[in-house]
Amino acid sequence: MGCVHGKCCTRYPSSSDGDSGRLGEMKPYHNKNILTQRSLAEVPVPSHNFSLQYSVLTQRGYYPDTDEWENQDSFCIKTQIQGNPNVHFFGVFDGHGDYGAECSNFVKDRLVEILSNDSTLLDDPLKAYYSAFLAANSELHNSEIDDTMSGTTAITALVVGDILYVANAGDSRAVLAVKDGDQTVAEDLSEDQTPFRKDEYNRVKLCGARVLSADQVDGLKDPNVQDWGDEESQGGDPPRLWVPDGMYPGTAFTRSVGDGIAEKIGVIAAPEISIVWLKPNHPFFVVASDGVFDFLPSQTVVNMAAAYTDPRDACAAIAGESYKLWLEHDIRTDDITIIIVQIKGLSNSGAAVTDGGEDYLQTSLRSVKGSLHVSGVSESETYGSVRSDLSDIQQSSQHSVLMNRSAAVVVPSPMRQRPLQLDVG
């Protein structure tokens, strides 16, 4: 990541094979390592008689002053976890800082290894997923990689039969396509964790973070104004996190893996997790770094992906459009990584519920220790939320919230309105 426009903004010196599609036509420089794309692959999910066809594309960002800058994005696709033909993992990891590539690759490898070695994964995927993020974060801190000012975001999807779990730490994104009549609607399965979110802003402020944009730090705007509008209109100068007495680390996200200094002011590795029962009207899902979504809304990404029958072509089209928009707005581009997973042949609508899905969900809820609450999210939203404070996990990571949102159960931030006691048995 670059400094000023990237994810970290420190104000002191630092101490697959496949057809590349249209991307080759728009590169303003030559680098044989710029693009990595896998061949089209497909894996069955025999428990529910459907399959997942997928492709991935990653492109190093264009940095005109640093041609040798390494792609700090990485990805992981691991099928048949624990030898189970119904369990498959897809993840994108967006590194940042001087050692961002090392952090990204470390977490890419270790997160799925921890999940694969967890004997409770199939009995309790929710807790296993949550714990894996915290364990990977701890291992990164204790590794030889200097993650004091470096780290990685992580957006991951775990398919277990016809249930999709999405765990997110950072500002990359997962999006589900939902067929609604003649339209294909984008449903975000993750919510970007940035200071633009009021709940995340409040949480990091309680941890001692100063939240200021770069212009506020430079004295060009009033630092007392703690309102930055929305991310779509103010993404060029986003609010960032700073220690109370210094001009660092300047992260534009509020959760990540690594980032030892930022962790002290609330940048935690604890993920937000969403759960979706896959249905026949879910044609595909997308897992991608923020290099895709900085200039492309989720709905646009879904529209573009839906226009192609081959996910390789969809990946190339979306990455190419993202790249083009970056250069229209900036002199550089971010690293861009996208995985598209098509869901083929799923016809067992409601199987997760009729085949014990409700009991399965209740088991997941009970297994996350702590007091459970239900709360309203906003006046305009009609769904509720369930919050679990994990008594066996450090207090700073107590953030697991379950919300029932249409087809999905989402696990976002702890700071969601006033809680009311809920007995889930």
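These legends accompany several close-up views of one predicted model.

**View 1. The whole protein combines helices and strands.**
This overview shows the predicted chain in full. It has 10 helices and 21 strands. The protein has 425 residues, and 58% of them count as buried. About 17300 Å² of the protein is exposed. Carbon and sulfur atoms supply 47% of that area.

**View 2. The largest nonpolar core holds 37 residues.**
Five residues have the most contacts inside this core: Phe89, Leu111, Tyr129, Phe133 and Leu158. Helices and strands both contribute two or more residues to the core. The helices are α1 (100-116) and α2 (125-141). The strands are β5 (87-96), β6 (151-160), β7 (163-169) and β14 (272-277). Helix α2 gives the largest share, 9 residues.

**View 3. Tyr129 touches residues from several parts of the sequence.**
Tyr129 is one of the residues with the most contacts inside the largest core. Residues up to four places away in sequence are not counted here. Beyond them, Tyr129 touches Phe89 and Leu115. Thr156, Ala157 and Leu158 also touch Tyr129. So do Tyr165, Val166 and Ala167. Ile273 completes the list.
Another core lies apart from the largest one. This other core has 27 residues, among them Leu52, Ile155, Val178 and Ile339.

**View 4. Strand β16 is largely enclosed by the rest of the structure.**
Strand β16 covers residues 336-344. Of its 9 residues, 8 are buried, so the strand is largely enclosed. In a regular strand, side chains alternate between the two faces of the sheet.

**View 5. Strands β3 and β15 both pair with β16.**
Strand β3 (residues 50-59) pairs with β16 in the antiparallel sense. This pairing runs over 9 bridges. Here Ser55 stands opposite Ile340 of β16. Strand β15 (residues 284-288) also runs antiparallel to β16. These two strands are joined by 5 bridges. Phe285 stands opposite Val341 of β16.

**View 6. Ser213 is a buried loop residue.**
Ser213 sits in the loop between β10 (210-212) and α4 (214-217). What is the relative accessibility of Ser213? The value is 1%, and buried means under 20%, so Ser213 counts as buried. Which residues are in contact with Ser213, leaving aside its neighbours within four places in sequence? They are Trp228, Asp237, Pro238, Pro239 and Arg240.

How values were computed:
Residues numbered from 1 in each chain as written. Predicted model: local features only at pLDDT ≥ 70, side-chain atom pairs only at ≥ 80, totals over all residues. Heavy atoms only, no water. Core = buried A, V, L, I, M, F, W, Y, C linked by side-chain atoms within 4.5 Å. Buried < 20%, exposed > 50% of the residue type's maximum accessible area, 1.4 Å probe, protein only. Helix = DSSP H or I, 4+ residues; strand = E, 2+ residues; numbered from the N terminus. Contact = heavy atoms within 4.5 Å. Areas by Shrake-Rupley, 256 points an atom, 1.4 Å probe, with all protein chains shown as cover. Pairing = 2+ DSSP bridges.
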